[in-house]
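Reader: I'm in my first year and still learning to read models like this one. Could you take one small part, look at it closely, and then work outwards?

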Amino acid sequence: IRNYQAKHFSFNVDGGRCETCKGEGEVTIEMQFMADVHLECETCKGKRFKKEVLEVTFGDKNIDDILNLTIDDAIAFFESTEQTKIKNKLQPLQDVGLGYVTLGQSSSTLSGGEAQRIKLASFLGKGSKKDNTLFIFDEPTSGLDVITAENIIKLIRDCKDQGKTVIFSSHIMSEVDLLCDEL
């Protein structure tokens, strides 16, 4: 009805983002001899979008509400609204144990391990059919809880079973045993 395009729902480009804060959700006041001060944008109240864009809803949620959903909650939401394609795009992130990350979370707030798992999820989401793919995993379960570690091992095993070349290092021999048919 409003002739909005995808750019209107991105806070990275002109269109729907708040022009006061340029989609940051906050304004920075530079202090001459002190640390800069960051304040919530008074125009968008930290939501990063123009009021007109926030009026558009899907399933009773606007773009800010959706970007604040965790991966787990987003999968449930999109499943309940029968948006299977979106749910399927998010599923690999849940599979690698990132269900707690929010959709709009800045990549600069992710740990190194989380960033690596996002790369793995990105590959898994593409479903590459090429046989000449090489994965190198260096202690991929280090620091993870038991369930997430088991899921990562299963995903690595699936890559191996699909004919991908996998190089895997671990000090946990039970993980090595799960991944290696023969030594």
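In which loop is G104 found?

Author: First, a caution: this is a predicted model. G104 is found in the loop between helix 4 and helix 5, and helix 5 covers residues 112–126. Is G104 buried or exposed? Its relative accessible area is 18%. The cut-off for buried is under 20%, so G104 counts as buried. What does G104 touch, once neighbours within four places in sequence are left aside? The contacts are R48 and L67. For distance, take M34. M34 is 70 residues from G104 along the chain, and their C-alpha atoms are separated by 30 Å.

Now follow the contact to R48. R48 sits in the loop between strand 2 (37–40) and helix 1 (51–54). So here a residue of one loop, R48, is in contact with G104, a residue of the loop between helix 4 and helix 5. R48 is buried, with a relative accessible area of 17%. Look at its backbone too. Phi of R48 is near 75°, which is a positive value in a residue other than glycine.

D60 has a positive phi as well, near 70°, and D60 is not a glycine either. Where is D60? Look in the loop between helix 1 and helix 2 (63–67). Is D60 buried or exposed? Its relative accessible area is 73%. Exposed means over 50%, so D60 is exposed.

Go back to the loop that holds G104. Helix 4 comes before that loop, and helix 4 spans residues 84–95. How does helix 4 pack with helix 3, residues 71–80? The angle is about 155°, and the axes are 9 Å apart. That makes the two helices roughly antiparallel, because the angle is over 145 degrees. The crossing of helix 3 past helix 4 is left-handed. Which residues meet? From helix 3 come I71, D72, A74, I75, F78 and E79. From helix 4 come I86, K87, L90, Q91, L93 and Q94.

Pick I75 from that set. I75 belongs to helix 3. I75 has 6% relative accessibility, so it counts as buried. Beyond its neighbours within four places in sequence, I75 is in contact with K87, L90, Q91 and Q94. I86 is 11 residues from I75 along the chain, and the two C-alpha atoms are 8.0 Å apart.

Next, move along the chain to strand 3, residues 134–138. Which way do its side chains point? They alternate. F135 and F137 point to one face and are buried. L134, I136 and D138 point to the other face and are not buried. Why the alternation? In a regular strand the side chains alternate between the two faces of the sheet.

Strand 3 has a partner. Five bridges join strand 3 to strand 4, residues 165–169, and the two strands run parallel. Two pairs help you line them up. I136 stands opposite I167. D138 has S169 in strand 4 as its bridge partner. Helix 6, residues 146–161, completes the picture. Together, strand 3, helix 6 and strand 4 make a right-handed β-α-β unit.

Finish before strand 1, which covers residues 26–29. Both K7 and T20 lie in that segment. K7 is at 41% relative accessibility, so it counts as partly exposed. T20 is partly exposed too, with a relative accessible area of 48%. Not counting residues up to four places away in sequence, K7 touches V13, D14 and G16. By the same rule, T20 touches V27, C41 and T43. Two distances round this off. T20 and E42 are 22 residues apart in sequence and 8.5 Å apart in space, C-alpha to C-alpha. K7 and E114 are 107 residues apart in sequence, and 27 Å apart in space, again C-alpha to C-alpha.

Definitions and conventions:
Residues numbered from 1 in each chain as written. Predicted model: local features only at pLDDT ≥ 70, side-chain atom pairs only at ≥ 80, totals over all residues. Heavy atoms only, no water. Buried < 20%, exposed > 50% of the residue type's maximum accessible area, 1.4 Å probe, protein only. Helix = DSSP H or I, 4+ residues; strand = E, 2+ residues; numbered from the N terminus. Pairing = 2+ DSSP bridges. Right-handed = clockwise from strand over helix to strand, strands pointing away. Contact = heavy atoms within 4.5 Å. Axes fitted to C-alpha atoms, helices over the stretch in contact; angles between N-to-C directions. Parallel < 35°, antiparallel > 145°, perpendicular 65-115°, else oblique. Left-handed = near helix turned anticlockwise from the far one by under 90°.
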